[in-house]
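Let's take a friendly walk through a protein model, one piece at a time. Have the sequence and the 3D view ready as you read.

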Amino acid sequence: MNRVVITGMGIWSCIGTSLDEVRDSLYVGKSGIILDPIRKEAGFRSGLVGNVPKADLKTLLPRNTRSYMHEECQYAYMATLQALKQAGIDMDYLEQHEVGIVYGNDSAVEASSKTVDKFHQMHTSLACGSGSLFQCLNSTISMNLACIFKLKGINQTISAACSSGSQSIGMAATLIANGLQDCIICGGAEETNHLGVVSFDGLQSFSIREDAPEKASRPFDKDRDGLVPSGGGATLILESYEHAVKRGASIIAEVLGWGFSGNGDHISTPNIEGPAKSMLNALKNAEVSPQDIGYVNAHATSSLIGDQREAQVIAKVFGDYQVPVSSTKSLTGHEMWMAGASEVIYSILMMKHDFMAGNLNFETPDEETAVINVLPEKKEQHFDLFLSNSFGFGGTNSTLIIKNF
């Protein structure tokens with residue numbers, strides 16, 4: 001089996017649009033959550049959202065190419081430019097070698113909605129526009145980036161709800177470990193427009209703590225009242241160790257293990273057995289013990305049941321070992337399909353700079369969340385191994401273990 005390493009990272013999120021900016025936000029505990037008046041005017045119960053800057057691609061790509069790319073694809077493109085630059089991979093290299101893409105995405109709601117609206121308004125399908133088809137497909141990111149960057153390897157979209165970004169990394173690592181690819185672009189992206197999450201709002205899943213947006217996302221805290229939607233794009237470049245060394249790449253970290261599972265239970269309410277199996281599978285795959293893990297980046301979204309279940313799972317897997325835990329969603333909100341990839345990047349940035357971001361707004365645990373060591377504030381501490389959880393609707397669980405290099 002080949003060792004799998006990370007040689008490039010890129011990020012476009014509500015807490016920064018560069019690695020340095022994101023690192024600084026994590027360090028000082030800067031929230032990216034705002035109150036969006038457009039959502040309130042549209043009839044949303046909650047107007048809270050992660051404030052992700054729009055991407056301006058006009059000077060980067062021709063108009064016909066941009067017409068195929070909706071919001072989430074634009075975020076992914078900006079993140080991928082950064083990741084490729086850090087990895088030292090240019091267009092000449094991409095055109096001359098077999099590089100693949102495995103990207104996480106599970107919606108294209110606004111693009112689909114607007115296309116259907118045009119059809120109904122004009123009473124002709126010709127009104128939809130030539131680019132709408134490629135914006136509306138779940139595979140919009142992988143197909144667009146594969147064409148833009150001339151990728152000739154695996155071209156795959158992972159649609160696994162909120163574990164999509166994590167599973168894209170796990171799947172890419174598996175392909176490389178088994179010698180099927182040498183280099184893969186992977187990650188996750190999520191649209192941040194209000195149409196993309198209107199059904200979530202209808203389920204009353206979101207926090208309504210609108211008087212203080214930065215205090216709304218409260219993973220593990222007793223007074224949490226729901227999650228805050230967010231999004232953006234996060235890209236990582238994965239390679240086999242031999243391939244990275246051969247081309248003289250700087251290695252950032254190593255993907256040591258991946259675990260996954262299905263709950264086989266309720267479509268939206270998590271259980272304990274499924275996530276526990278995902279974490280145990282990751283530890284087994286990485287050939288490490290729970291005591292080897294220096295930090296856990298929790299999935300915890302600030303939902304009542306989800307946070308309780310994950311705390312119970314962490315306590316079950318780690319036993320008496322009080323591993324440091326925090327959820328960066330306290331700063332970013334829930335980045336949905338992007339979260340599993342962005343949270344790996346957040347954790348790597350912390351690992352490289354010897355700190356653990358605090359779990360913002362964690363003031364009082366409830367009975368279930370008090371069983372784990374949640375960090376209420378930033379902790380200056382070196383660690384070389386972390387575990388990152390991502391759990392999604394339908395019981396789609398994914399756990400990654402990443403090692404410093």
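Before we begin, one term: two residues are in contact when heavy atoms of theirs lie within 4.5 Å. Keep in mind as well that this is a predicted model.

Let's begin with the sheet. It is an open sheet of 11 strands with mixed pairing, in the order β5-β4-β6-β7-β1-β8-β15-β14-β9-β10-β12. Strands β5 (155-158) and β12 (373-374) stand at the edges with a single partner strand each, so one side of each has no neighbour in the sheet. Towards the β5 end of that order you can find β4 and β6. Strand β4 (residues 100-104) and strand β6 (residues 183-190) run parallel and are joined by five bridges. To see one pairing for yourself, look for G100, which stands opposite I184 in β6. Helix α4 packs on the sheet, where it touches β1, β4, β6 and β7 (232-240). The direction of α4 makes about 130° with that of β1.

Now move along to strand β14, which sits between β15 and β9 in the order. Is β14 buried or exposed? Eight of the eight residues of this strand (residues 385-392) are buried, so β14 is largely enclosed by the rest of the structure. Here, a residue is called buried when its relative accessible area is under 20%. The cover reaches both faces of β14: L385, L387, N389 and F391 are buried on one side, and F386, S388, S390 and G392 are buried on the other.

What about the strands beside it? Strand β9 (residues 295-297) runs parallel to β14, and three bridges join the two. Within this pair, Y295 stands opposite F386 in β14. Strand β15 (residues 396-404) runs antiparallel to β14, with eight bridges between them. Here N389 stands opposite T399 in β15. β14 and β15 form a hairpin with three residues between them, and G394 in the turn has a positive phi of about 80°.

Next, let's turn to helix α1 (residues 19-28). Which residues of α1 are buried? They are L19, V22, S25 and L26. They cover an arc of only 125° around the axis, which puts them on the same side of α1. A general rule helps here: an α-helix has 3.6 residues a turn, so residues three or four places apart point the same way. The buried residues of α1 pack against several elements: β1 (4-12), α4 (71-87), α14 (329-332), α15 (339-352) and β11 (355-356). Just after α1 comes G29, whose phi is positive, near 75°.

One of those partners, α15, deserves a closer look. The axes of α1 and α15 are 10 Å apart, and the helices pack at an angle of about 75°. That makes α1 roughly perpendicular to α15. On the α1 side of the contact are L19, V22, R23 and L26, which meet I345, Y346, L349 and M350 in α15. By class, the residues of this contact of α1 with α15 are seven nonpolar, no polar and one charged.

Helix α15 also meets helix α9 (residues 164-177): their axes come within 4 Å and cross at roughly 75°. That makes α9 roughly perpendicular to α15. The contact is made by G165, S166 and I169 of α9 and by G340, A341 and V344 of α15. Sorted by class, the contact of α9 with α15 has three nonpolar, three polar and no charged residues.

Terms used:
Residues are numbered from 1 along each chain as its sequence is written. This is a predicted model: local features need pLDDT of at least 70, side-chain atom pairs count only at pLDDT 80 or more; totals for chains, interfaces and linings use all residues. Side-chain values use heavy atoms; hydrogens and water are left out. Buried means under 20% relative accessible area, exposed over 50%, partly exposed in between (1.4 Å probe, protein chains only). Two strands pair if DSSP finds at least two bridges between them. The arc is that of the directions from the helix axis to the C-beta atoms. Axes are lines fitted to C-alpha atoms, for helices over the stretch in contact, and angles run from 0 to 180 degrees between N-to-C directions. Angles under 35 degrees count as roughly parallel, over 145 as roughly antiparallel, 65 to 115 as roughly perpendicular and the rest as oblique. Ala, Val, Leu, Ile, Met, Phe, Trp, Tyr, Cys and Pro count as nonpolar, Asp, Glu, Lys and Arg as charged, and the others, Gly among them, as polar.
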